[in-house]
Amino acid sequence: MKSQDTIQHRWFGQVWNEGRADMIDELTCHDVIGHGIVDHEGNEIRGVDAFRRFYKSFRGAFPDIHIAIEDTVSEGDRIVSLCRVTATHLGDGLGVAPTNKKVEFTGMCMMRIKDGMIAESWNSFDFLTLFQQIGLVQMPPPKGG
């Protein structure tokens, strides 16, 4: 069942696309776990305060971020979304000077919902493509050609 009112539509629409950090507390459990996203020291995100720091840093680097949900599947307390992310690298939230480059990459996010809030998420976004697009990572040229 797809609905614009699902928690993940609110999460990506209000928190990320509209930049409404005030919605983080309304939509996540205080002890939320974010698998697949890490802080500046490489630690997995645990707790709403750690998530807020990650969010501020990432959205600071990409203030015009837009996450489009292309498809969803849900069963029981789990919701999975296939996402397409577009943004412009306008800030230094990643510890890299802004490049003003437009980026586009895809990802998937599975959320476990508890009492109408996000309790845990598993995130698999193509950050390699993102880092290539802003020049943080360069792929070696193909061999033999």
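Modeller: Before we start, a strand is a DSSP run of E with at least two residues, a helix is a run of H or I with at least four, and both are numbered from the N terminus. Please also keep in mind that this is a predicted model.

Biologist: In which element is I45 found?

Modeller: I45 is the bridge partner of G34, and that pairing belongs to β1 and a strand covering residues 44-46, which run in the antiparallel sense over 3 bridges. The element that holds I45 is therefore, by the DSSP runs, a strand, and its name is β2.

Biologist: Is I45 buried or exposed?

Modeller: Leaving out residues up to four places away in sequence, I45 touches V32, I33, G34, I37, V38, D39, A50, F51 and F54. Its relative accessibility is 1%, and the cut-off for burial is under 20%, so I45 counts as buried.

Biologist: Which residue in the turn between β1 and β2 has a positive phi?

Modeller: β1 and β2 form a hairpin, with 5 residues between the two strands. In that turn, a positive phi of about 90 degrees belongs to G42.

Biologist: Which residue in β6 is the bridge partner of T28?

Modeller: Besides its hairpin with β2, β1 pairs with β6, this time in the parallel sense and over 4 bridges. T28 and its partner in β6 also appear together among the residues in contact with W11 once neighbours within four places in sequence are set aside. That bridge partner is I118.

Biologist: Which residues have the most contacts inside the largest nonpolar core?

Modeller: As a general point, nonpolar side chains in soluble globular proteins tend to be buried together. Here the largest nonpolar core has 34 residues, and the elements that give two or more of them are α1, α2, β1, α3, β4, β5 and β6. Beyond its sequence neighbours within four places, W11 is in contact with residues including I24, L27 and M111. The core residues with the most contacts inside it are W11, W16 and F51.

Biologist: Which element gives the most residues to this core?

Modeller: One helix has many buried positions, among them V48, A50, F51, F54, Y55 and F58, and that helix is α3. With 7 residues, the element that gives the most to the core is α3.

Biologist: How far apart are the end C-alpha atoms of α3?

Modeller: The helix has 14 residues, and the expected span takes one less than that number at 1.5 Å each, so α3 should span 20 Å. The model agrees with this expectation, because the distance between the end C-alpha atoms is 20 Å.

Biologist: Which element gives the most to the lining of the largest cavity?

Modeller: The structure holds 1 cavity of 30 Å³ or more, and the largest has a volume of about 290 Å³. Of its 23 lining residues, the closest to the centre are W16, I37, F51, F54 and N123. At least two lining residues come from each of α1, β1, α3, β5 and β6, and the element that gives the most, with 5 residues, is β1.

Biologist: And which element gives the most to the lining of the largest pocket?

Modeller: The largest pocket has a volume of about 430 Å³, and of the 16 residues that line it, V38, D39, H40, F54 and L94 are the closest to its centre. The elements that give two or more residues to this lining are β1, α3 and α4. With 5 residues, the one that gives the most is α3.

Biologist: In which loop does N100 lie?

Modeller: Most residues other than glycine have a negative phi. N100 is not a glycine, yet it has a positive phi of about 60 degrees, and it is exposed, with a relative accessible area of 52%. Its loop is the one between β4 and β5.

Biologist: What is the relative accessible area of D115?

Modeller: D115 lies in the loop between β5 and β6, and it too has a positive phi, near 55 degrees, in a residue other than glycine. The cut-off for exposed is over 50%, so D115 counts as exposed with a relative accessible area of 72%.

Biologist: How far apart in space are G144 and Q8?

Modeller: G144 lies in the segment after α4 and is exposed, with a relative accessible area of 87%. G144 and Q8 are 136 residues apart in sequence, and their distance in space, C-alpha to C-alpha, is 46 Å.

Note on methods:
Residues are numbered from 1 along each chain as its sequence is written. This is a predicted model: local features need pLDDT of at least 70, side-chain atom pairs count only at pLDDT 80 or more; totals for chains, interfaces and linings use all residues. Side-chain values use heavy atoms; hydrogens and water are left out. A nonpolar core is a set of buried Ala, Val, Leu, Ile, Met, Phe, Trp, Tyr and Cys residues joined through side-chain atoms within 4.5 Å. Buried means under 20% relative accessible area, exposed over 50%, partly exposed in between (1.4 Å probe, protein chains only). Contact means heavy atoms within 4.5 Å. Two strands pair if DSSP finds at least two bridges between them. On a 1 Å grid over the protein atoms alone, a cavity is a set of points where a 1.4 Å probe fits but cannot get out, and a pocket is an open set with protein on both sides within 12 Å along at least five of seven lines; lining residues have an atom within 4 Å of a point. Grid points are joined across faces, edges and corners, and a volume is the space filled by probe spheres set on the points.
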